[in-house]
Amino acid sequence: MAKKTLVLYFSVNQHTELLAKTIQEKIGADIEAVHPVEEYPDNYNVLVTMIKEQIEKNEIPAAKALEHKLEDYDTILVGTPNWWSHIAPPLLGLMQANKVEGKKVGIFATHIGGGIGGIEEAVKKEWPDNDYLESLEIY
């Protein structure tokens, strides 16, 4: 069976989406965006306030079911914006609901100065039994 890679990402303002699509095109992987069950508001200021509250209260929104089956992939590349040094809550919710093990996992994050923050730690906590590739953070 051929080895397969999935680029799995969450994006609001298309920065992480652009990076995810670039990675997907360069390596010929499958790709899928993560969406919360309850859509986030379009108003950026309302969105920022809402996300900050979710992080502070450790509220993890449920994510919609994926079209791709994670068990079908050897490598999963997980992309998220860095929000206050945290992984995007909907992506975290998806990871909590869909445990994977025995995979190669790569992490990529977009940010405006916070680097990778606590994202690596969060991903490795939710999906501990995997081999991790070097993470990528893009300003």
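## Strands, cores and a loop leucine

Leu6 has Ile76 as its bridge partner over in E3. Keep in mind that you're looking at a predicted model. From that pairing, here's a quick tour of strand E1, the nonpolar cores and the loop that holds Leu133.

**Around strand E1**
- E1 and E3 run parallel to each other, paired over five bridges.
- E1 also pairs with strand E2 (residues 30–33), again in parallel, through four bridges.
- On that E2 side, Leu6 has Asp30 as its bridge partner.
- Together with helix H1 (residues 15–27), E1 and E2 form a right-handed β-α-β unit.
- E1 is mostly covered, with four of its five residues buried.

**Nonpolar cores**
- The largest nonpolar core has 29 residues, and the members touching the most others are Leu8, Leu70, Ile76, Ile87, Leu91 and Trp127.
- Several elements chip in at least two residues each, among them E1 (5–9), H2 (44–56), E3 (75–81) and H4 (119–126).
- H3 is the top contributor here, giving four residues.
- A separate, second core has eight residues, including Val7, Ala20, Ala29 and Phe108.
- Setting aside neighbours within four places in sequence, Trp127 is in contact with Leu8, Leu70 and Ile76, and its other partners include Met95, Lys99 and Tyr132.

**Leu133 in its loop**
- Leu133 sits in the loop linking strand E5 (131–132) to strand E6 (136–138).
- Leu133 counts as partly exposed because its relative accessibility is 38%, between the 20% and 50% cut-offs.
- Its C-alpha is 4.9 Å from that of Gly106, although the two residues are 27 apart along the chain.
- Beyond neighbours within four places in sequence, Leu133 is in contact with Thr75, Leu77, Lys104, Val105 and Gly106.

Key
Residues numbered from 1 in each chain as written. Predicted model: local features only at pLDDT ≥ 70, side-chain atom pairs only at ≥ 80, totals over all residues. Heavy atoms only, no water. Core = buried A, V, L, I, M, F, W, Y, C linked by side-chain atoms within 4.5 Å. Buried < 20%, exposed > 50% of the residue type's maximum accessible area, 1.4 Å probe, protein only. Contact = heavy atoms within 4.5 Å. Pairing = 2+ DSSP bridges. Right-handed = clockwise from strand over helix to strand, strands pointing away.
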